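Subject: Structure handover

Hello,

Here is the structure I promised to pass on. Please open it before you read further.

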Amino acid sequence: HLSFKPREESACGVGDLIDVTVHGKRPITFTTKTVEIKMNEMVKGNYVEGAYRGEFAWKLKDLGGKTKLSFRWRTKPAGLVLRILAPFLPIEKYHSDVMKAGFDNLNKFLDQKS
C-alpha cells in the first residue's frame, strides 16, 4: 500500500528526504524530511513536498521482547484540488485504512520470521 524511496543511497538520518507513494485508485505522493531520531524510540519528520504539509512521528515501545509501533500525523492538503475537495473526502478514514493494511502486512511478515 505504501512505498518509500530515499532521495539518497544512505538516507537514514536527520535531514534526509524520502519520497512516499500511497498506492490506490489514484496514487498520492509526498516527500518527508526526517527532523529527529532517537534510536529504538522514535522518528519525527515533516511533510515538505507533494500532497500534504505537516508533521509525523513514529514511536516504538518495548513490551518485554515485543515492540509496539505507533504512528501519528498532523497534516493539511497542499495542492489546490486536494484543498478544495478535502472537506468532502474522508481523508482520515483513507489514512487509517492504509495504515491498518500496512500494519497487518508488517505483522504477517514478522509472524513468518518467528
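Below are notes on the pockets, two single residues and the aromatic rings.

Please keep in mind that this is a predicted model.

**The largest pocket**

Start with the largest pocket. Its volume is about 1200 Å³. The lining is made up of 38 residues. Nearest the centre of this pocket lie L2, V20, V22, I28 and F30.

Which elements supply at least two residues each to this lining? Among the strands they are β1 (2-6), β2 (17-22), β3 (28-38), β4 (42-50), β5 (52-62) and β6 (67-77). The helices α1 (80-85) and α2 (91-113) do so too. The biggest share comes from α2, with six residues.

By type, the lining of the largest pocket holds 27 nonpolar residues, seven polar ones and four charged ones.

**The second largest pocket**

Next, the second largest pocket. It encloses about 300 Å³ of space. Its lining has 10 residues, and K66, T67, L106, N107 and L110 are those nearest the centre. Two elements, β6 and α2, give two or more residues to this lining. Again α2 gives the most, this time five residues. The lining of this second pocket splits into four nonpolar, four polar and two charged residues.

**F30**

Back to F30, one of the residues nearest the centre of the largest pocket. F30 sits in strand β3. Is F30 buried or exposed? Its relative accessible area is 10%, and the cut-off for buried is under 20%. F30 is therefore buried.

What does F30 touch beyond its neighbours within four places in sequence? On one side of the list are I18, D19, V20 and V22. The others are Y47, E49, G50, A51 and Y52. As for T75, it is 45 residues from F30 in sequence, and the two C-alpha atoms are 11 Å apart.

**E55**

E55 belongs to strand β5. At a relative accessible area of 42%, E55 is partly exposed. Leaving out neighbours within four places in sequence, the contacts of E55 are G45, N46, Y47, R72, W73, R74 and T75. E36 is 19 residues from E55 along the chain, with 11 Å between their C-alpha atoms.

**Aromatic rings**

How many aromatic pairs does the whole structure contain? The search finds seven. Two of them are described here.

One is Y47 with F56. The ring centres are 5.5 Å apart and the planes meet at 65°, so this pair is edge-to-face. Both partners are buried: Y47 has 7% relative accessibility, and F56 has 9%.

The other is W58 with F71. This pair is tilted, with 4.4 Å from centre to centre and 50° between the planes. The pair links distant parts of the chain: W58 is in strand β5 and F71 in strand β6, 13 residues apart. Here the partners fall into two classes. W58 counts as partly exposed, at 23% relative accessibility. F71 counts as buried, at 12%.

Ring pairs also join F30, Y47, Y52, F56, W58, F71, W73 and F103 into a cluster. That brings F30 back into view: this residue of the cluster is also among those nearest the centre of the largest pocket. Y47 is in the cluster as well, and Y47 is in contact with F30 and with E55.

Best wishes

Note on methods
Residues are numbered from 1 along each chain as its sequence is written. This is a predicted model: local features need pLDDT of at least 70, side-chain atom pairs count only at pLDDT 80 or more; totals for chains, interfaces and linings use all residues. Side-chain values use heavy atoms; hydrogens and water are left out. On a 1 Å grid over the protein atoms alone, a cavity is a set of points where a 1.4 Å probe fits but cannot get out, and a pocket is an open set with protein on both sides within 12 Å along at least five of seven lines; lining residues have an atom within 4 Å of a point. Grid points are joined across faces, edges and corners, and a volume is the space filled by probe spheres set on the points. Helices (H or I, at least four residues) and strands (E, at least two) are DSSP runs, numbered from the N terminus. Ala, Val, Leu, Ile, Met, Phe, Trp, Tyr, Cys and Pro count as nonpolar, Asp, Glu, Lys and Arg as charged, and the others, Gly among them, as polar. Buried means under 20% relative accessible area, exposed over 50%, partly exposed in between (1.4 Å probe, protein chains only). Contact means heavy atoms within 4.5 Å. Rings of Phe, Tyr and Trp (its six-membered ring) pair if their centres lie within 6.5 Å; planes under 30 degrees apart count as stacked, over 60 as edge-to-face and the rest as tilted.
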